[in-house]
Amino acid sequence: MSKRIDVKDLNVYYGNFLAVEGVNINIEAKSVTAFIGPSGCGKSTFLRTLNRMHEVIPGAYAKGEVLLDGADIYGAGVDPVTVRSNIGMVFQRPNPFPTMSIRDNVLAGVKLNNKRISKGEADALVEKSLQGANLWNEVKDRLDKPGSGLSGGQQQRLCIARAIAVEPAVLLMDEPCSALDPISTLAVEDLINELKDSYTVVIVTHNMQQAARVSDKTAFFNIAGTGKPGKLIEFAETSTIFNNPSQKATEDYVSGRFG
Ligand SMILES: Nc1ncnc2c1ncn2[C@@H]1O[C@H](COP(=O)(O)OP(=O)(O)OP(=O)(O)O)[C@@H](O)[C@H]1O
């Protein structure tokens with residue numbers, strides 16, 4: 001079931017370095033939100049704090065609140081592994097387990113969560129997840145072949161199938177199309193459009209046309225200079241960010257004057 005995310009006064013650090021400062025943002029359920037901004041402004045860093053993925057980076061930590069339907073994912077006793085199965089992530093480079101079959105790749109997250117399911121349930125889940133990722137028709141006759149035998153675009157959709165197999169509430173995507181050709185990119189963009197019927201989707205992208213095509217709302221992040229923290233400058237309907245932003249920095253960025 002899709003859930004909302006509310007972030008309050010979030011700072012993110014790498015050791016002593018304050019990488020992202022003072023983010024407040026409210027992301028609605030069943031919506032697509034794009035994060036845009038120049039390189040180094042902290043988009044990926046901030047994205048990772050939405051499912052505690054930054055905690056796997058030594059020295060990285062966050063202060064503030066991230067509420068998933070009102071429950072703080074940083075609350076006492078909250079298990080980060082549970083958080084990550086509720087808030088899934090798809091990365092820049094498709095990363096299926098190369099020697100694992102397509103079928104086992106889809107089931108990898110479910111097995112990681114120690115969920116015991118029958119063969120029949122597993123078959124149904126594999127089909128449903130691959131259907132959900134718009135990949136079923138292309139792979140249904142070779143489910144036992146390795147995931148690495150797929151094209152880059154298919155591998156990325158396999159990773160999306162793996163992410164949705166655990167039935168998360170939210171899907172975070174960090175530049176999911178940057179390693180893909182234009183046709184695969186379109187396939188993933190179409191898929192993002194469909195995913196928002198069931199999930200809350202947050203996508204980091206360098207491609208402003210992509211942000212305009214896929215997202216309902218856009219968050220523009222910026223950085224005042226090297227060594228300074230990234231900040232959320234403006235968050236609004238995507239059409240407002242691209243056509244009528246309230247901040248000059250946003251206008252300069254979306255019109256290509258910097259970044
Ligand atoms: N693992 C890390 N250790 C230390 N500093 C890091 C680490 N990852 C990122 N940073 C720093 O945090 C800041 C934000 O980086 P981040 O990758 O989040 O920006 P970004 O907006 O996603 O950039 P890009 O668009 O180039 O991917 C940068 O100054 C970066 O050097």
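**Notes on the ligand site and salt bridges**

1. A good place to start is Asp123, which is partly exposed at 31% relative accessibility (buried means under 20% relative accessible area, exposed over 50%, and partly exposed in between, with a 1.4 Å probe and protein chains only). Its side chain meets that of Lys119 in a salt bridge, 2.9 Å from N to O (a salt bridge is a side-chain nitrogen of Lys or Arg within 4 Å of a carboxyl oxygen of Asp or Glu). Lys119 is exposed, with a relative accessible area of 60%.

2. Before going on, please keep in mind that this is a predicted model, where local features need pLDDT of at least 70, side-chain atom pairs count only at pLDDT 80 or more, and totals for chains, interfaces and linings use all residues. Residues are numbered from 1 along each chain as its sequence is written, and side-chain values use heavy atoms, with hydrogens and water left out.

3. Lys119 and Asp123 both belong to helix α4 (residues 119–132), where they sit four residues apart, about one turn of the helix (helices, H or I with at least four residues, and strands, E with at least two, are DSSP runs numbered from the N terminus).

4. Helix α4 also takes part in a salt bridge between Lys128 and Glu167, at 3.0 Å from N to O. Glu167 lies in the loop between α6 (152–165) and β7 (170–174), while Lys128 is in helix α4, so this pair ties together parts that are 39 residues apart in sequence. Lys128 is exposed at 52%, and Glu167 is partly exposed at 46%.

5. Arg4 and Asp6 form another salt bridge through their side chains, 2.8 Å from N to O. Here Asp6 is buried, at 12% relative accessibility, whereas Arg4 is partly exposed at 31%. The whole structure holds twelve salt bridges.

6. Now to the ligand: 15 residues surround it, and the closest are Ser39, Gly40, Lys43, Thr45 and His206 (a residue is near a molecule if one of its heavy atoms lies within 4 Å of it). By class, this shell has six nonpolar, six polar and three charged residues. Its largest share, four residues, comes from α1.

7. For polar contacts (pairs of N or O atoms within 3.5 Å), a side-chain N or O atom of His206 is 2.6 Å from a ligand oxygen. A polar backbone atom of Ser44 lies 2.9 Å from an oxygen atom of the ligand, and a polar side-chain atom of Tyr14 is 3.3 Å from a ligand nitrogen.

Technical notes:
Polar contact = N/O pair within 3.5 Å; in protein donor to acceptor, adjacent residues only side chain to side chain. Nonpolar A, V, L, I, M, F, W, Y, C, P; charged D, E, K, R; others polar.
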